[in-house]
Protein chains: 2
Amino acid sequence: MMADRARTLRIGIAGLGTVGAGLVKLVERQKELRLPGQLSVSAVSARSRTRERGVDISKFRWCDDPVELALSDDVDVVVELIGGSDGPAKRTVEAALKAGKPVVSANKALIAEHGVEMAELAEASGAHLLFEAAVGGAIPIVRALRNSLSGVVVSRVSGILNGTCNYILSEMLKTGAAYETVLAEAQRLGYAEADPYLDVSGMDAAHKVLILASIAFGARPDFSQVSVEGVSEIEAMDITLANKFDYSIKLVAEAFRSGSSVLCRVGPALVRLDHPLAQVNGALNAVVVEGEPVGRLTFTGPGAGSGPTAAAVMGDLARLFEGPATPPLGKPSAELARLIAAPNPAKDQGSFFIGAKLADRPGVFADLAEALGEEGVSIDKLIQESAGDTGAAPVAILTHPCAKAAVQRALAQVAELKITVDAPRLIRIETRG
Amino acid sequence: MMADRARTLRIGIAGLGTVGAGLVKLVERQKELRLPGQLSVSAVSARSRTRERGVDISKFRWCDDPVELALSDDVDVVVELIGGSDGPAKRTVEAALKAGKPVVSANKALIAEHGVEMAELAEASGAHLLFEAAVGGAIPIVRALRNSLSGVVVSRVSGILNGTCNYILSEMLKTGAAYETVLAEAQRLGYAEADPYLDVSGMDAAHKVLILASIAFGARPDFSQVSVEGVSEIEAMDITLANKFDYSIKLVAEAFRSGSSVLCRVGPALVRLDHPLAQVNGALNAVVVEGEPVGRLTFTGPGAGSGPTAAAVMGDLARLFEGPATPPLGKPSAELARLIAAPNPAKDQGSFFIGAKLADRPGVFADLAEALGEEGVSIDKLIQESAGDTGAAPVAILTHPCAKAAVQRALAQVAELKITVDAPRLIRIETRG
């Protein structure tokens, strides 16, 4: 028996931001696509009925309440584009799944923070819960991990998962401008939200990497265990000096096996310029999957935006024509193991970058070197630039392998002695090729 | 209803080369994988029963005839790893599909040359015909194009699809050694077959790009329309001099919309060092998908080898647990359009690279420049190196945009005047970023 291609699925769209509007446009040009069946939009719901969206929504039935939309008889599938881990998004998805209706969602916060609960609802009613658009925009990584790569023993999933941070870091390198300046420009261009917190704090990337980790490792998502650091502390001088050492600073999200656990973390890292992630610039995203017996697979593409995200939603809608639902997180939720564990700071070993501005007085560099030496932190490479007329000399240090805690103790001493005029940045160096 | 996860599928493997052996190993460690059901190997077939393969096949029922294997009652799914567009591979797949049995195949020649016929058999009996392993090794591009990216209007699919050629070109650049020397070394290392024809002629890449084109454009595969050129004519000096112009020479396979047709071609091309394909070195493969509304997606990974190919087969086997078959080429075969058309050489416009060794006699360079000038071919950049004691001076020319036919007429004149001591190489320059 072949899948049923004659069917028309009636979509209800909850949330009409840029992605929702992009989806409406894509449904309208579906003849150009290669969908296995027909789609129609029957109802929509959003905060504002009148906002200008570049698409005509007057022909769709309007629902003030997205839960009402989810339960409407003329809605076969609910597309949840409201966003947020709780509130109306969660209520809408829950209502649909409980009613046995398939849900396609772009909501990374919901899946990362309530993934097991949502998966249980989907599995109980046999409804599809698909969320390709939640991670990596148009990069089809969720489905690849869940299906095509189910024959791979994954050892690590890593990547650049937040286009806003990547755009900011790329621009800071290109222009030498300060974080705040570049962020403001990104907001003006629409690459950053008016409230950029979720992006620049690393939370958005943390949601995404946890979703990938859950599928790749068959792990029960536990957002409380993800270690998260953002980009807002990084200075332009750090990026410029790292570049002189042939490194790029990226916000790297990763999940990897460590003993019997899977560690999950997001934070800035120096990657060598010949590393696959170093060339991923601007608003691009990239995901690297490593495992047996395949080695390394890299997926690169636009990680956000109306078109790419709407296309990912479309790919999920196409899946609905192809047969019964499978467990949303790959394995049935009851079989997901409690593997995700917080990295232990005391065990954090590696090579590190230190960036700071030294106070302009005699002996200050010797004090810095002594503080590091006393903690057994040995310097691999160092650049100190002229203080010029700023009265503070930019310095960048790459350490030999050591304990992160030792560097932190040295930096506490540096603070006490007022050796630097700013708060030094401590960034790990990615030493894997 | 959730997919049936309790089932055990019994596999019959036809063909036990390195991929078959890799698959047996992967089935044995399936507890580590994330398959939605259980797999067992019930029967195997190969040319030699006694060859050393690093896996114990004595516990599997042996079939001398792969068709007999396909029709055996204890075989639920046939994995065809025999290879070749005709002969036993085709007979085995046909027998299985006619009997309504799912087939997983790594056979690009079969799908490229008889894809419609095979798809028709699969659609008639409702059997799965899956061939992720036929293109790009472990890169899950076939399924991505068929499913996840079905909401994308593809304008171009391109890539590096033959690891052997890519390894040879990468090594020629690295070592400066001649094609024959590097090929022999590649054969010694197992990167090239004893009979390298299918690889170095570009035929293997042509099979693969045609498969991708069929799915991406909903096009009826027609192998006779693919323009194919290989790497065996390329000299080390071409690669070295192209590199001095900041280009890498790659065997590029591509399929793109041109008017109402899809043109499909494989051939060497100069790509700028900052082009996504330029950094794909050694035995890696890469696929670039361009389209609306996603822009560009790039997939990179190991394109061949026992482990990666076996993992791709595994991904297809996992698919069998997930529900009914879908049309093997994305669209039902009756709906595939006759879009694939041969590029028209008379219309081939672009910028070109010319590499040759000039005869060591006065006036020869003027003769070359005149031959080009007479045909309206204008020189953008040029390197001429010293003849040294070889008696022939390496020259490399990048032309301004012109008709390929004009360059060819000029080179015919060059041959007549015996301006070069070798047959000049004419290679297109990829001008898209």
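Here a biologist asks a modeller how some descriptions of this predicted two-chain model are justified.

Biologist: Before we start, how do you know which residues to trust, and how are they numbered?

Modeller: This is a predicted model, so local features need pLDDT of at least 70 and side-chain atom pairs count only at pLDDT 80 or more, while totals for chains, interfaces and linings use all residues. Residues are numbered from 1 along each chain as its sequence is written, and chains are lettered from A and ligands numbered from 1 in the order in which they are written.

Biologist: What makes the relation of chain A to chain B that of a two-fold axis?

Modeller: A rotation of 180° with 0.0 Å of shift along its axis superposes chain A on chain B, with an RMSD of 0.0 Å; the fit is by least squares on the C-alpha atoms of residues with pLDDT of at least 70 in both copies. That is why the relation is that of a two-fold axis. The same surface serves both copies, as 100% of the contact residues of chain A recur in chain B.

Biologist: How many residues are in contact, and what makes a contact?

Modeller: Two residues are in contact if their C-beta atoms, placed from the backbone, lie within 7 Å. By that rule, 52 residues of chain A are in contact with 52 residues of chain B. Among the elements of chain A that each supply at least two residues to this side are helix 1 (18-28) and helix 11 (306-319); helices are DSSP runs of H or I with at least four residues, strands runs of E with at least two, numbered from the N terminus.

Biologist: How do you know that strand 12 of chain A pairs with strand 12 of chain B?

Modeller: Two strands pair if DSSP finds at least two bridges between them. Here three bridges join the strands, which run antiparallel, and A:Thr300 stands opposite B:Thr298.

Biologist: Why are strand 3 and strand 6 of chain B called edge strands?

Modeller: Six strands of chain B form an open sheet in the order 3-2-1-4-5-6, with parallel pairing. Strand 3 (61-63) and strand 6 (129-130) each pair on one side only. Within that sheet, seven bridges join strand 1 (residues 8-14) to strand 2 (residues 38-45), and B:Ile11 stands opposite B:Val41.

Biologist: How does the radius of gyration of chain A agree with a compact globule?

Modeller: The radius is taken over C-alpha atoms, and the globule rule is 2.2 Å times the number of residues to the power 0.38. With 433 residues that gives a value near 22 Å; chain A has 24 Å, which agrees.
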